[in-house]
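Work through the exercises below with the sequence and the coordinates at hand, and try each task before reading its solution.

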Amino acid sequence: MQNQTTRRMFLAAVGATGAVSLAGCSSIPGNGGGGSEPKQPSNTTGSEKPSTTEPGATAPQQRRGKDTSSNRGSVVDDFEGDVDSRWGINNGKYKVTKKDAFQGSQSLVLEPKKNAKKPVAKIFKSFYPKALDLSKHDLSLAVKVNKPKDIKVSAEVIAPAESSMLTATRYIPLELDGWVRFDLGYTAITGNPTMDKVSQVNLQIGPLSKGQDFQILIDDLRKYPKPKKGKVMFQFDDGHITTYKKAYPILKKKGWPGSVGIIPDAINGDKRMTDQMMQEMGKSGWDMMAHASELLPKLPESKQRQILQQANQYLNLKGFKKGARHFVAPYNRVNQTTLDLIDELFETGYLFGACPNNAQHPSNPSFISRVEGPSVRGARRAINVAEKTNQLVVIAYHAIGNGNNATSEKAFKRIVNHVEKKNVDVITPSQLVDGKNW
């Protein structure tokens, strides 16, 4: 069947594996702010090459992901060899380490300068004389956060000058201290970037609050093919009854499906969806996704596995086999064990990341970023950027209507109406995996 074939293509294509509103994701600062004179690389010629080594072959700490034997991404920089000849530095400091790498034999360690008022590290790679062509590709990066516990990683894609660039910012969750790959989803656009003429890529950590130190490892900058059209997902956590009573009819009028994070023990409970509601929505194309109520990183591996298996089994037994392939991380929190289990038991995993994603083959399907729907301004901004860059924005909600922590029906309709005006497809997690609406 086509669905099975395209699903296998998706899993093979993602290769190396590696939710606050988008309104908080601003363009990373320029070269000012007290930084030293930029350190220029001795050789700024950009080079791209297809993957020839299996990611993780020499890195035991790397999360290998669902299929590392086939990686359709192309290497932009593998951080091997003489890094100084390819990368310059504007702020902070970097060093090469051979003790820890996502792939190959070494990675790059970014740190702020000692006693910096605004801890920040910013490096850059120039592409000259041949520009980097990102007109049909998205960037992906692997990072490992040693300290602090959570952080944002930013990138600037200069195309071809700072007056025409894209900014990407990704939030790394609290307990995740191992290697992880993720898409550099764009969060802001300056001017009118010409994406086949990228002259420079900047990678930045910080600036953080005064006195806050950090140490981040980065590796394996790649580019992945993207579709010709952006995409939007609507996701609703916890199975609130308002998803059925409010969100479902609003989206149904537009002919759009959505997806619901189902906590098995909550169904048929007070102010929660019933079995009958789930069945009706499922027949309309909605995904019933696995979810949980416990903070997973605080639990041992055996308990995490039990919770994820039970969530998956519940949906399968209820007949929601498509939706059972997808998982929503409780409280947007995961550790290395959680991500390994999502890799093993599910086909996609979702959590807050504050940015869009690759809309065809996310580089890490277990680590797909969501943005928070309650911020109308932030969600609209994410949709606008995703439309212009052909990326995927996943908009997350809980309750719709009145009450504490609920998004008003009016605010939800504003986002729905905004999406309707955009040249994007509204899809579900299963449609992404199965290759629908590519």
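**Exercise 1: a sheet and the helix on it**

In this predicted model, Val157 has Leu166 in strand 9 as its bridge partner. Starting from that pair, describe how the strands around it are arranged and which helix packs on their sheet.

*Solution.* Begin with the two strands concerned: strand 8, residues 151–158, and strand 9, residues 165–172, run antiparallel and are joined by eight bridges. Next, place them in the whole sheet, which is open, has six strands in the order 3-6-12-8-9-11, and is paired in the antiparallel sense. The edges are held by strand 3 (88–91) and strand 11 (186–190), and since each has a single partner strand, one side of each is left without a neighbour in the sheet. From one strand to the next, the twist averages 20°. Finally, turn to the helix: helix 6, residues 376–389, packs on the sheet by touching strand 9 and strand 11, and its direction makes about 75° with that of strand 11.

**Exercise 2: two helices in contact**

Classify the packing of helix 2 against helix 3, and state which residues form their contact.

*Solution.* First take the geometry: helix 2 (residues 241–254) and helix 3 (residues 275–283) pack at an angle of about 40°, and their axes are 10 Å apart. Angles under 35 degrees would count as roughly parallel and those from 65 to 115 as roughly perpendicular, so helix 2 is oblique to helix 3. The crossing of these two helices is left-handed. Then list the contact, in which Ile241, Thr243, Tyr244 and Tyr248 of helix 2 meet Met277, Glu280 and Met281 of helix 3. Sorted by character, the residues of this contact comprise five nonpolar, one polar and one charged.

**Exercise 3: a strand and its partners**

Is strand 21 mostly covered or mostly open, and which strands pair with strand 21?

*Solution.* Consider burial before pairing: strand 21, residues 391–397, is mostly covered, with seven of its seven residues buried. Both of its faces are covered, one carrying Gln391, Val393, Ile395 and Tyr397 and the other Leu392, Val394 and Ala396. Now take the partners in turn. Strand 14 (residues 230–237) runs parallel to strand 21 and is joined to it by six bridges, with Phe234 opposite Ile395. Strand 20 (residues 368–372) also pairs in the parallel sense, over two bridges, and here Glu372 stands opposite Ala396. Strand 19 (residues 357–358), by contrast, pairs with strand 21 in the antiparallel sense over two bridges, where Asn358 has Gln391 as its bridge partner.

How values were computed
Residues are numbered from 1 along each chain as its sequence is written. This is a predicted model: local features need pLDDT of at least 70, side-chain atom pairs count only at pLDDT 80 or more; totals for chains, interfaces and linings use all residues. Side-chain values use heavy atoms; hydrogens and water are left out. Two strands pair if DSSP finds at least two bridges between them. Helices (H or I, at least four residues) and strands (E, at least two) are DSSP runs, numbered from the N terminus. Axes are lines fitted to C-alpha atoms, for helices over the stretch in contact, and angles run from 0 to 180 degrees between N-to-C directions. Contact means heavy atoms within 4.5 Å. Angles under 35 degrees count as roughly parallel, over 145 as roughly antiparallel, 65 to 115 as roughly perpendicular and the rest as oblique. A crossing is left-handed if the near helix is turned anticlockwise from the far one by less than a right angle, and right-handed if clockwise. Ala, Val, Leu, Ile, Met, Phe, Trp, Tyr, Cys and Pro count as nonpolar, Asp, Glu, Lys and Arg as charged, and the others, Gly among them, as polar. Buried means under 20% relative accessible area, exposed over 50%, partly exposed in between (1.4 Å probe, protein chains only).
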